[in-house]
Amino acid sequence: EEIGKGRVGFYKQKQNRGSLRNFETCLNRSRGKWVHLLHGDDCVKPGFYEEIEKLFIAYPEVGAAYTRSTDIDRDGNELPFWEDKIPVKAGIIEDFLSQIASSQKLQPPSIVVKRSVYEHLGGFFAVNYGEDWEMWIRIAAHYKVAYSPQCLALYRTGHLTNISNQSLSTGQNIKDISKVIDIVQAYLPSDKKRNLKNKAKRSFSIHYAMAANRTYLSHKETAFVQARGAFKMHKNIRTFYWIFRLYLRHILHAAGIKARSANS
């Protein structure tokens with residue numbers, strides 16, 4: 001009441017309806033012409049909404065607009081950018097459909113979508129991990145998308161309490177992403193489908209193999225679940241490298257523990 005001055009409301013579901021239905025509730029309860037969905041581990045910097053407004057005003061034909069984003073750790077420290085962020089200049093992204101269909105390029109807090117676009121295309125569905133990526137591809141198949149290289153959105157990592165990370169230990173995240181890759185084939189030009197599908201599998205395979213290495217010290221079992229899923233998804237040199245690195249690290253770590261036990 002003090003900060004929102006009547007513009008901020010609170011709504012509690014009568015029962016746990018799951019993430020997809022919560023997103024649906026948010027969309028249905030929103031009143032503005034631009035909709036920004038934020039999760040519990042999302043944050044935007046001062047100036048985010050001003051920059052998004054500039055993009056929508058400068059390019060009224062777009063269906064969505066987003067800024068560059070990065071991850072933050074549990075203490076709020078910014079981490080390096082993702083390695084394959086898209087353009088350097090602000091404006092409409094050329095052939096965004098091919099780019100976003102080949103790999104995930106953005107985090108949910110960085111994008112704002114016109115309400116009319118959600119009304120036209122519908123809400124999130126099918127999976128609990130990767131549902132956002134499917135949505136961005138669906139939007140790109142029907143609308144142009146604008147972008148700002150200013151880093152004004154943040155996603156908190158380093159914890160396993162959010163919906164996405166809860167699926168890592170079982171490998172459900174990889175199953176869901178594989179399902180999304182199949183779903184979005186319907187949105188893609190026929191002459192690009194096969195190539196984009198292969199690129200997407202390769203991109204996510206490498207991502208999960210790298211993530212397995214980052215997870216190893218804190219969650220060993222999860223690390224190996226992710227590594228096996230990455231190998232099954234797509235076989236390429238970079239995935240091989242990261243999986244080999246993980247198993248070598250595990251062998252050396254186990255040998256070190258045995259040596260210390262013997263000496264003690």
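In which sense do strand S1 (residues 34-35) and S5 pair, and over how many bridges? The model is a predicted one, and this tour begins at that pairing.

**Stop 1: strand S5 and its partners**

Select residues 34-35 together with S5, which spans residues 111-114. S1 and S5 pair in the antiparallel sense, over 2 bridges. Within this pairing, Trp34 stands opposite Lys114 in S5.

Next, colour S5 by side. Ile111 and Val113 lie on one face, Val112 and Lys114 lie on the other, and all of these residues are buried, which leaves both faces of the strand covered.

Add strand S3, residues 62-72, to the selection; S3 also pairs with S5 in the antiparallel sense, here over 3 bridges. To locate this pairing, display Ala64, whose bridge partner in S5 is Val113.

**Stop 2: from S3 to S6**

Keep S3 selected and consider its cover: 10 of its 11 residues are buried. Then select strand S6, residues 144-156. S3 and S6 run parallel and are joined by 10 bridges. Tyr66 is a convenient marker, since Tyr147 in S6 stands opposite this residue.

**Stop 3: the nonpolar cores**

Which residues have the most contacts inside the largest nonpolar core? Select Tyr118, Phe124, Trp133, Trp136, Ile137 and Ile139, which hold that position in a core of 53 residues. Helix H8 supplies the largest share of this core, with 8 residues. A second core, separate from that one, has 10 residues, including Ile52, Phe56, Val62 and Val112.

Centre the view on Trp136 and show its surroundings. Leaving aside neighbours within four places in sequence, Trp136 is in contact with Ile100, Gln104, Leu106, Pro108, Ile111, Val113, Tyr118 and Phe124. Two of these contacts, Ile111 and Val113, are already familiar from one side of S5.

**Stop 4: Asn213 in helix H8**

Select helix H8, residues 193-215, and pick out Asn213 within it. Is Asn213 buried or exposed? Its relative accessibility is 7%, so Asn213 counts as buried. Not counting residues up to four places away in sequence, Asn213 touches Trp242, Arg245, Leu246 and Arg249. Display these side chains as sticks to inspect the contacts.

**Stop 5: Thr222 in helix H9**

Proceed to helix H9, residues 220-233, where Thr222 is found. Thr222 counts as buried because its relative accessibility is 9%. Beyond residues up to four places away in sequence, Thr222 touches Leu168, Ser169 and Thr215. A distance label between the C-alpha atoms of Thr222 and Leu168 should read 6.3 Å, although the two residues are 54 residues apart along the chain.

**Stop 6: a nonpolar patch on the surface**

Finally, switch to a surface representation and select Phe231, Ile237 and Phe240, which make a nonpolar surface patch of about 310 Å². Ile237 belongs to helix H10, residues 237-263. With a relative accessible area of 70%, Ile237 is exposed, whereas Thr222, at 9% relative accessibility, is buried.

Definitions and conventions
Residues are numbered from 1 along each chain as its sequence is written. This is a predicted model: local features need pLDDT of at least 70, side-chain atom pairs count only at pLDDT 80 or more; totals for chains, interfaces and linings use all residues. Side-chain values use heavy atoms; hydrogens and water are left out. Helices (H or I, at least four residues) and strands (E, at least two) are DSSP runs, numbered from the N terminus. Buried means under 20% relative accessible area, exposed over 50%, partly exposed in between (1.4 Å probe, protein chains only). Contact means heavy atoms within 4.5 Å. A nonpolar core is a set of buried Ala, Val, Leu, Ile, Met, Phe, Trp, Tyr and Cys residues joined through side-chain atoms within 4.5 Å. Patches are made of residues with over 30% relative accessible area and no salt bridge: like charges are joined within 9 Å, nonpolar side chains (Val, Leu, Ile, Met, Phe, Trp, Tyr) within 5 Å. Accessible areas come from the Shrake-Rupley method with a 1.4 Å probe; for residues, only the protein chains shown count as cover. A salt bridge is a side-chain nitrogen of Lys or Arg within 4 Å of a carboxyl oxygen of Asp or Glu. Two strands pair if DSSP finds at least two bridges between them.
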